[in-house]
Amino acid sequence: MGSTGLSRRGLLASIAVVAAAPLLDACGGPKQDNTGTTSQGDLSKVLPDYAPSSLVKPDFPVVTGAGGAATDPAFLSYPASPPRTVTGPVGSGGTYVGMTPLWGAIPPSSGNAYYDAVNKEIGATLKMQPADGNTYGDKLAPLLASDKLPDWIDIPSWNVSALSFGDAVQAKFADLTPYLAGDKIKQYPNLAAISTNAWAACVWNGKLYGLPIYSSNVVIAGAYYYRKDLFDKAGVSADVKSAADLEAIGKALTNATAGQWAFDDLFGDNAGYICQIFGFPRTDYPWTTDASGKLVHRYETQEIAAALDWHAKLVKAGYMHPDAVAANGQDAKQRFWSGKVAVCVDGTGAWNGDDAKSGSAANPSYNRQAFKPFAAGGGQPAIPLGNGAAMFSYLNKKLSDKQIRECLAIANYLAAPYGSAEWLTVNFGEQGTDYTMTDGNPLLTERGSKEVATTFQFLACPPSVTTVQSGNTQVTKDYATWQAELVKATTKPLFYGMNVSEPQQFASLTRPMQDTIADVKVGRKPISAWTEAVDSWRKQGGDDLRKFYDGIRDKYGTGK
């Protein structure tokens, strides 16, 4: 996948249901009146009208799939004469501090031609303060507590669980409903091109607060990747239709003596990936129902137990790399690039031109592909969708009406679609200084590679697209083709698109289950340990959590 920013790091995964501050009544039970949740009826009143962009015709058009999913458009080259989408002044000379995460080297703040180019274009000054993405979440709670928030801040959905966000969002951030709801968004046409699915995840307590970042209508946990070159060399078919087929590949491609194993970890943290094969709910939408309509948590399903047992069986057979069994994830990409493993799991953003460049450096024949969706039992796969965005930016509540409008005008510029003149500036800076056009696509110069970083995009950006990265058009073609197959098998999970803030009393339930999963999936503990852990989970709060969600369902529905 070659889209810029978030996809470069394989982080395009969406987390919607989050834990928030204690919301307890006098008797100690969880309250239902301040969960952050919004009913479907109230949601429709605050969502912006959707008006997709048709600025540039993609080489691979959008394909509509199941469950409301749709592929990202794919482009093989940039327009020779990119049109502008914004006319007239953008900003009015204001100065704003923006804080965003960054997974990579922090660029210089002074003498940065890229920052200067963007600020010149927007007619205002965004003083960017990128912070290490790996520790970004640690900085957010103190900022909220000290009341020293910047003017504009990105908050990933996976960081909100420690922020009492159902309450904090109302106290700290500007309500954008009066500016963007319904047809009000028409004055910001590039923001209007962001899909409804993404905007829905910005709504808390019946009001629109956030701007969605790297939105997409096909957000899934990730994919099962394989080294096509290694499969071809060994004469092994990649036409996988069941878990049994994958197990057979393990036997065919493992040669421990030669230092090659078929598999890296195939489970993912807290069963984040394997749920897509075995058919139990995803991590961020953990509920389903049984035949009677009773809510059933993912931990309670037969499918997760079967997945644990199957994965441990692969480990026992010796098909999994020892470092993967030892939970050494730091070198996982290197193991895949070097061919020490032939199959791995990763986010959809892992499949891009930069990956092909790194893999080819280790092995010139390197060819990453992804298996088509399949189900463990060989039946019809059902891949649960995540929210239309996983990251959001928020404006400080202390900003005046004039300042909010200026920031939204800037956001509209930053959200200019792929193919526009503005998109080139936001993503690559100044031509000749930060980038050059090579074979129809922008490539960073030596200076640009040091100064250009994903910063402005974490404040506002257009919907995701698949583009050429590092000059590799074949990867773009392969990814777009695979994504068209993927959307045939997607489905919306229970409570989809609903921001539910769970009472803090339930926050401690997850860690013991994650620890048990880590042990059982590699055979350090028997499957009976999982059964015992589930029983303990129910007694220590799981059953009460079910009652909490029963209340959500009764009051707000299930989002479907």
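**Strand β15 and helix α9 in a predicted model**

Biologist: Which residue of β15 does Ile155 stand opposite?

Modeller: The model is a predicted one. Strand β4 (residues 152–156) pairs with β15 in the antiparallel sense over five bridges. Within β15, the residue opposite Ile155 is Phe392.

Biologist: With which strand does β15 pair over three bridges?

Modeller: Two residue pairs can be named here: Leu211 has Ser393 of β15 as its bridge partner, and Ile213 stands opposite Met391 of β15. The pairing runs in the antiparallel sense, and the strand that joins residues 391–395 over three bridges is β7.

Biologist: What is the order of the strands in the open sheet of five strands?

Modeller: In general, strands of a sheet pair through backbone hydrogen bonds, either parallel or antiparallel. In this sheet the pairing is mixed. The edge strands, each pairing on one side only, are β3 (125–132) and β7 (211–213). Read across the sheet, the order is β3-β2-β4-β15-β7.

Biologist: By how many degrees are neighbouring strands of this sheet turned against each other on average?

Modeller: The sheet in question is the open one of five strands. With direction ignored, the average turn between neighbouring strands is 25°.

Biologist: Why is β15 described as largely enclosed by the rest of the structure?

Modeller: Met391, Ser393 and Leu395 point one way from the strand, while Phe392 and Tyr394 point the other way, and all are buried. Tyr394 is also among the members of a core of 65 residues. The strand is largely enclosed because the number of its five residues that are buried is five.

Biologist: Are the buried residues of helix α9 on the same side or on opposite sides, and what arc do they cover?

Modeller: In α9 (residues 243–253), the residues Ala243, Leu246, Glu247, Ile249, Gly250 and Leu253 are buried. They lie on the same side of α9, because around the axis they cover an arc of only 155°.

Biologist: Which exposed residues does the face of α9 turned away from its buried side carry?

Modeller: The buried residues pack against α8 (228–234), β9 (261–263), α10 (275–278), α11 (302–316) and β12 (341–346). On the face turned away from them, the exposed residues are Ala244 and Lys251.

Biologist: Which helix gives the most residues to the largest nonpolar core?

Modeller: This core has 83 residues, and those touching the most other members are Ile249, Phe263, Leu266 and Phe371. Leaving aside neighbours within four places in sequence, Phe263 is in contact with residues including Leu246, Ile249 and Gly250. With 10 residues, the helix that gives the most to the core is α20.

Technical notes: Residues numbered from 1 in each chain as written. Predicted model: local features only at pLDDT ≥ 70, side-chain atom pairs only at ≥ 80, totals over all residues. Heavy atoms only, no water. Pairing = 2+ DSSP bridges. Helix = DSSP H or I, 4+ residues; strand = E, 2+ residues; numbered from the N terminus. Axes fitted to C-alpha atoms, helices over the stretch in contact; angles between N-to-C directions. Buried < 20%, exposed > 50% of the residue type's maximum accessible area, 1.4 Å probe, protein only. Arc of directions from axis to C-beta. Contact = heavy atoms within 4.5 Å. Core = buried A, V, L, I, M, F, W, Y, C linked by side-chain atoms within 4.5 Å.
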